[in-house]
Each structure stands twice: as C-alpha cells, then as structure tokens.
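Thanks for making the time this morning. I would like to walk you through one structure, so please have the sequence and the model in view as I talk.

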Amino acid sequence: MSSLCTQSVAMPEASSRLAHALQDGWELSGITLFQTGTPFSVINGGSSTGISVLDNAGAANGTGAGSYPDVIGNPYKAAPFGGNNYQSFGPILGNPAAFAAPEGLTFGNAGRNFMNNPSRLNFDVALLKHFKITEGSNLEFRMEAFNVLNHTQFRIYDPDKGNTGSNTIACYAGVNNSAGDPSCLAGNSFLHPVDAHRPRTLQIGVKYFF
C-alpha cells in the first residue's frame, strides 16, 4: 500500500500582490461600424466639347449647375481604360461611362442623390488597466486605437465640402456623348476621392479616480 502526500506552499504576500496587480483589472472594449455610403448627386457641369452646356434645362438662373446627366449604364462597374492615371488624384471609384450628356432642355434622369459613397467597415478598440491605489481611489491606464486595421475608407463626396469636381461631369467625349472617353479621364477628378475617413489613430491616456 502506498500513499501520496502533497503540501501546498503559500505564496509570499508581496508576490501575491504583484500577481494580482498584473492580472486583475483589465478591460477590453470595441466598436464595429458597418455603414452604407452616404448618397450624393452627380451634377451636369457642362462640357468643353460643346456637347452640353452647364444647365440644359435653364433652371439654374445663372447661379450654378441645375441639371443632372443621363444614365446609360451601371455607375458601379469598373471604369473604362484610363480611369486610373497619374494626372488624377487617387483611384477612380465609379464608372464615368455610365453617364451621358442630357438632351437639350431636359434636367437629365440621374436625379438627386443618385450615387452613394463607398461603404465603410471600421473597427475601434480600447484596452484599459485599472490599478487600485487606496480603498477609495484607483488609476486607469488606457490605450485606444481608432481604425485599428488601418482600412482606407475613401469618400467621393464630403457634405462638409459641398459640390466639388469629384461629383461634377465637365467632359462628354465618349460613345453616345458619355463621360467615359480617355480624353475626359486624364486629369479629371470626377468619381475620384475627395478625401478619406481617418486613418489608424492611436492614443494613450491616464485617469485618476478619487
């Protein structure tokens, strides 16, 4: 017959306090955002080719663009050859060939808020550690990361900036008087990003509660 004898060894008090200080008081939180892109209008800005004037319908009274282009294709398909070029800022995010000059004395059928900005998938994360100082006070150390995966999230249209060249057609030289001809795409900002949402941003903070 055999017997097994075990004996527990008490952890020194200082060591126990250190272990609790390192292991306890952690908090992990985050925000996941999936958002469809905000809508914006595609504006008929006229054309240097003389095919279309700034306001075919005569509705703007000389104060700006008052009409839209006609839709002849899918604006979310890949852009024609020449859409991405070194003369234009950023990648092209739509298909200019989907739009054609409106017929004379018409408003164009694209209508208000015809397109949407690209959708967003964003992750924000916060890691917190609480240290107990006294019975009634503690110290909080926090690390936060916004857009932690650093996804590039472009916008074609930013409502704070209003109508820019990114949502305005100024050249109709393609097939069926479309805006997709290579001569219209080089150096053109139409359907290129006007800006992007915030890149990865890190911040560290300390807060004392008493």
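Let me start with Phe 40, which, once neighbours within four places in sequence are set aside, is in contact with Asn 113, Phe 114, Met 115, Asn 116, Asn 117, Ile 156, Tyr 157 and Asn 167, where contact means heavy atoms within 4.5 Å. Before going further, I should say that this is a predicted model, in which local features need pLDDT of at least 70 and side-chain atom pairs count only at pLDDT 80 or more, while totals for chains, interfaces and linings use all residues. Residues are numbered from 1 along each chain as its sequence is written, and side-chain values use heavy atoms, with hydrogens and water left out.

Phe 40 also belongs to the largest nonpolar core, a group of 14 residues in which Phe 40, Val 42, Phe 99, Met 115, Ile 169, Phe 190 and Leu 191 touch the most other members. By such a core I mean a set of buried Ala, Val, Leu, Ile, Met, Phe, Trp, Tyr and Cys residues joined through side-chain atoms within 4.5 Å; buried is under 20% relative accessible area, exposed is over 50%, and partly exposed lies in between, using a 1.4 Å probe and protein chains only.

Is Phe 89, by contrast, buried or exposed? At 59% relative accessibility, Phe 89 counts as exposed, and this residue sits in the loop between strand S4 (70-71) and strand S5 (99-100), strands being DSSP runs of E, at least two residues long, numbered from the N terminus. Not counting residues up to four places away in sequence, Phe 89 touches His 192 and Pro 193, and its C-alpha lies 6.9 Å from that of Ser 189, although the two are 100 residues apart in sequence.

Turning to the sheet, four strands form an open arrangement in the order S1-S7-S8-S12, with antiparallel pairing, where two strands pair if DSSP finds at least two bridges between them. Strand S1 (26-35) and strand S12 (201-209) stand at the edges with a single partner strand each, so one side of each is left without a neighbour in the sheet. S1 is joined to strand S7 (residues 120-134) by 10 bridges, with Gln 35 opposite Arg 120 and Thr 32 opposite Phe 123. S7 in turn pairs with strand S8 (residues 137-146) over nine bridges, Val 125 standing opposite Ala 145, and a hairpin connects S7 to S8 through two residues.
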